[in-house]
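Hello,

Here is the structure I promised to pass on to you. Please open it alongside this email, and then read on for what turned up in it.

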Amino acid sequence: MPELNDLLPMLVLIALIGGFAGVLTGLLGVGGGIVLVPAFFYALQSLGYDGPQLMQICLATSLATIIVTSARSVHAHNKKGAVDWEILRTWAPGIMVGAILGVLLVAQLRTQTLQAIFGGLALIVGLYLGFGRSDWRLGETMPRGIKRAILSPMVGFLSVLMGIGGGSFGVPLMTLHGRPIHRAVATAAGFGLLIAVPSVIAFLFVDIAQSRPPLTIGAVNLGAFGIVVTMTLITAPWGVRLAHAMDPKPLRRVFAGFLVLVALNMLRKALWG
């Protein structure tokens, strides 16, 4: 068992991170993973767990929390009839294959490379959040055939490289192809399950050779998982209430700016240390 003096600071930091991610999820509708991964990284690094596989732990643990939060979200959205099960059924095989391929790549890479990948993709997501418009369209129907066969694995693959669920790539994909935003958000929660379940199972078998935080199995930190899930379930309703009490659009732009800064800092650390 780890010493309490080693475990307590990590648990307190993770609790604060989970609470913050929950509020943002409820307030802005963004997935918690895009906050959790850099937060896990800086928290664990500050506590001395700065090994070459630190980003693997951050990605895997973030995806583990998404299993619970996505399942809860799908259940809630399905009660309102907002989930497009036809999209989920037809996109599921490709997304799951992409997620497994993502784990296979992540397992071979080290923290510096994964930082650069996360930073580059987060920069794209942040710019879209800040400047994307609801009337942008690539088509009026969801892609089928070869286009779907290419795009569906990409959604799973890129999401695992960032440790996120289906929202950051799934929602823009669906709205750009004519899906209403409420159905896109609801269906993207299902994408999160399709991404997180197979990838987390695979991450449990990834060998972390050194600098393992306490309570880590494979690349998944069970302590962080349990605390973040608990805090997110508590604080997400607070964010929802805030969203109904104020206009979240300006805050969405502020968060986009924050995400761009986080992405640039990740790129800076990856390139120059």
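Below is a walk through the model, starting with the whole chain and ending with a few single residues.

One thing to keep in mind from the start is that this is a predicted model. The mean pLDDT of the protein is 89, and 95% of its residues reach 70 or more. Confidence is lowest in helix 1 (residues 4-28), with a mean of 78, while helix 4 has the highest, at 97.

**The whole chain**

The secondary structure comes to 10 helices and two strands. Reading from the N terminus, the order of elements is α-α-α-α-α-α-α-α-β-β-α-α. Along the principal axes, the C-alpha atoms fill a box of roughly 55 × 45 × 35 Å. Is the fold as a whole compact or extended, judged by its radius of gyration? A compact globule of 273 residues would have a radius of gyration near 19 Å, and the protein has 18 Å, so the two agree. Of the 273 residues, 49% count as buried. The chain also brings distant parts of its sequence together: among contacts between residues at least 6 apart in sequence, 82% join residues at least 24 apart.

**The core and helix 6**

In soluble globular proteins, nonpolar side chains tend to be buried together. Here the largest nonpolar core has 72 residues, and those touching the most other members are Ile 34, Phe 40, Met 55, Val 160, Met 162, Phe 191 and Phe 203.

Met 162 is a good place to zoom in. Apart from its neighbours within four places in sequence, Met 162 is in contact with Ile 34, Val 37, Leu 59, Phe 118, Leu 121, Ala 122 and Phe 169. Both Val 160 and Met 162 are among the buried residues of helix 6, together with Arg 148, Ser 152, Val 155, Gly 156, Ser 159 and Leu 161.

Which elements do those buried residues pack against? They meet helix 2 (33-46), helix 3 (54-79), helix 4, helix 5 (111-131), helix 7 (167-175) and helix 8 (181-203). As for its length, helix 6 has 18 residues (145-162), which at 1.5 Å a residue should span 26 Å; its end C-alpha atoms are 26 Å apart, so the span agrees. Just after helix 6 comes Gly 163, with a positive phi near 70 degrees.

**The loop before strand 1**

Most residues other than glycine have a negative phi. The loop between helix 8 and strand 1 holds Ser 211, whose phi is positive, near 55 degrees. Leu 215 is found in the loop between helix 8 and strand 1 too, and its phi is also positive, near 65 degrees. Ser 211 has a relative accessible area of 27% and is therefore partly exposed. Leu 215, at 41%, is likewise partly exposed.

Thr 216 belongs to strand 1 (residues 216-217). Is Thr 216 buried or exposed? Its relative accessible area is 8%, so Thr 216 is buried. A polar atom of the Thr 216 side chain lies 2.7 Å from the backbone oxygen of Pro 213.

**Three more residues to look at**

- Trp 136 sits in the loop between helix 5 and helix 6. It counts as partly exposed because its relative accessibility is 38%. Leaving aside neighbours within four places in sequence, Trp 136 is in contact with Tyr 128, Phe 131, Thr 175 and Leu 176. Its C-alpha atom is separated by 9.0 Å from that of Gly 178, 42 residues apart along the chain.
- Arg 253 lies in helix 10 (residues 248-272). With a relative accessible area of 54%, Arg 253 is exposed. The C-alpha atoms of Arg 253 and Gly 126 are separated by 8.9 Å, although the two residues are 127 apart along the chain.
- Arg 89 is part of helix 4 (residues 85-106). Arg 89 counts as exposed, since its relative accessibility is 55%. Arg 89 and Ala 263 are 174 residues apart in sequence and 33 Å apart in space, C-alpha to C-alpha.

If you want a place to begin on screen, try Met 162 and the residues it is in contact with, including Ile 34 and Phe 118.

Happy exploring, and best wishes

Notes
Residues are numbered from 1 along each chain as its sequence is written. This is a predicted model: local features need pLDDT of at least 70, side-chain atom pairs count only at pLDDT 80 or more; totals for chains, interfaces and linings use all residues. Side-chain values use heavy atoms; hydrogens and water are left out. Helices (H or I, at least four residues) and strands (E, at least two) are DSSP runs, numbered from the N terminus. Buried means under 20% relative accessible area, exposed over 50%, partly exposed in between (1.4 Å probe, protein chains only). A nonpolar core is a set of buried Ala, Val, Leu, Ile, Met, Phe, Trp, Tyr and Cys residues joined through side-chain atoms within 4.5 Å. Contact means heavy atoms within 4.5 Å. A polar contact is a pair of N or O atoms within 3.5 Å; within protein, one must be able to donate a hydrogen and the other to accept it, and residues adjacent in sequence count only if both atoms are side-chain atoms. The expected span of a helix is 1.5 Å times one less than its number of residues. pLDDT is the predictor's confidence in each residue, from 0 to 100. The radius of gyration is taken over C-alpha atoms; the globule rule is 2.2 Å times the number of residues to the power 0.38.
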